[in-house]
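Student: I would like to go through this model term by term, setting each value against the definition behind it.

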Amino acid sequence: QVLDIFGMISQIRLVASLPWAFPGWVGQGKNWPYDLPDITASYVVSWILGTKQYHDLDIDYVGIWNEKNFDSKYIKLRRHTLDKGGLEKVRIIASDNLWQPITYSVLVDGELAEALDVIGAHYPGTTSVMEARKTQKKLWSSEDYSTFNDEVGGGCWACILNQNYVNGLMTATISWNLVASYYEDLPFGRDGLMSAEEPWTVNYVVESPIWTTAHTTQFRQPGWTYLQTVGHLANGGSYVTLTDSKENLTVVIETMTHDHSVCVRPPLLPFNVTPQNVTFQLNGSFVSIVTVIACLLMIKRLLCLSKRVSFIGLDQGITGMAVEEKGDPGRHVFTLRQVVTQMPVTWAADAEQTISVIGDYTWQNLTVSCDVFMDTVKTGGVFIAARVDKGGGSVRNGSHKVTNDLVGETVLVEGHSGTRAYGWHTLSLTVEGECATGLLNVYHLWKNTVVLGPKNGWAAIGTHSFELAQFDNFAVEAKS
């Protein structure tokens, strides 16, 4: 993505997609998409066609399955299915995990090598392997960063943007994730290039990594290429050079200190940076270049200058500024329905139940209420929750259960509720201090049950499984 930070206008230049999960029907009851590869490949092709039909979005690259074992036969089938669907221009990335064993497979399997266009690794630590370079395929860091987006996170991004190519010849670096649109206290809080923790308020914050990104993306265009004249500076830092093969040249220099560029995964090895003078001499076809753009990513300073060829020793910078744009929150109405009705084929050991959290992680004493409607007979179940960290209470068809863990193993209270499917019920949960009280249709299900933890957290609603359910009149009253 190329960002015009001065006008804050984004222009998508290339779209890469990667399945993290598949609909449950793809796996036909199994948490594995390769047993029925024709169905899986057809689903991916249909998804790509749908993005064009309904969103006018062209998918340029598509991965296989996030950080899971790849299947060579399936990759070949995916290529065939894409071509058959008129998607010859869509390129394939694999394996979105480690450099091996995909690299070895490409070297020994010519048909696989022909089907595959990019070898992508996740969190490569700025290095690739010799075998990957031998394949002569494009090398990408197809998932990277995962770091809190303060100034240190911006420094991490600056280092890996440069050094993924300097050390590993990776020509693309994809940030996980682009926009941190979830609560900061959830896992991987603010691990995005920018933040929009409450998107319904039309609020977003341009964080430090966006300004760092601009030092590469503002001064090149699609079609530009890296030159071989890249490397490390003598006293720390790195530089890369890019050209459009015409009369334009961009140099991106970073001299981040270790403590100002710490990455979450993998952590960068210790290194030192000391003040230094750097001279770049243009030779060959670049002697006649009239304009050079130098982008300097310094310790806590960002600088870009456009000058004539003869400049040496850039040492003055401007501080990167975080711009905050806010809209009027106004009134926002939510329509809440459980729309995913079958456990998907997941890449991780996800919970079997669904949950949606909202509110303030610091909430301690609060009342959560909601009208609920169960669409599934006997096995259906819904819950509301307070202090969501590891806690919640649930009500199922004909029974109720109070737990302080989301998987329902630590049962505090349980019993019959008389609830049935196809009828609206009102649930209410109050937590004050170490006591919890629950009501069903204004009648007590339990009262003042001792709950030792957690001490604070969000409000939430969810379902026992992935069955159909409806929610209405959701309300939270937080007390001081």
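The turns below take up one helix, one sheet, the cores and two single residues.

Tutor: This is a predicted model, in which local features need pLDDT of at least 70 and side-chain atom pairs count only at pLDDT 80 or more, whereas totals for chains, interfaces and linings use all residues. Residues are numbered from 1 along each chain as its sequence is written, and side-chain values use heavy atoms, with hydrogens and water left out.

Student: What makes residues 72-84 a helix, and how does the span of α3 compare with the expected one?

Tutor: Helices are DSSP runs of H or I with at least four residues, strands are runs of E with at least two, and both are numbered from the N terminus. Helix α3 has 13 residues, so this run satisfies the minimum of four. The expected span is 1.5 Å times one less than the number of residues, which comes to 18 Å here, and α3 reaches 19 Å from its first C-alpha to its last, close to that value. At its start, a side-chain oxygen of Asp-71 lies within 3.0 Å of the backbone nitrogen of Lys-73, and after the helix comes Gly-86, with a positive phi near 80 degrees.

Student: Why is His-122 called buried and Asn-69 exposed?

Tutor: Buried means under 20% relative accessible area, exposed means over 50%, and partly exposed lies in between, with a 1.4 Å probe and protein chains only. His-122, in strand β7, has 6% relative accessibility and therefore counts as buried. Asn-69, in the loop between β5 and α3, has 57% and therefore counts as exposed. Of the 480 residues of the chain, 47% count as buried.

Student: What makes the pairs of His-122 with Glu-67 and with Asp-96 polar contacts?

Tutor: A polar contact is a pair of N or O atoms within 3.5 Å; within protein, one must be able to donate a hydrogen and the other to accept it, and residues adjacent in sequence count only if both atoms are side-chain atoms. The side chain of His-122 is 2.8 Å from that of Glu-67 and 3.2 Å from that of Asp-96, so both distances fall within the limit.

Student: Why are β3 and β9 described as edge strands?

Tutor: Two strands pair if DSSP finds at least two bridges between them. The open sheet has the order β3-β5-β6-β7-β8-β9, with parallel pairing. β3 (16-17) and β9 (172-176) each have a single partner strand, so one side of each is left without a neighbour in the sheet. Two bridges join β3 to β5, so the pair meets the criterion; in one of them, Ala-16 has Tyr-61 of β5 as its partner.

Student: What makes a set of residues a nonpolar core, and which members of the largest one touch the most others?

Tutor: A nonpolar core is a set of buried Ala, Val, Leu, Ile, Met, Phe, Trp, Tyr and Cys residues joined through side-chain atoms within 4.5 Å. The largest has 34 residues, of which Ile-48, Ile-64, Ile-75, Leu-82 and Ile-102 touch the most other members. Elements giving two or more residues to this core include α2, α3 and β7 (118-122). A second, separate core of 22 residues includes Val-368 and Leu-440. Contact means heavy atoms within 4.5 Å, and Ile-75 touches residues including Ile-64, Phe-70 and Leu-112, not counting those up to four places away in sequence.
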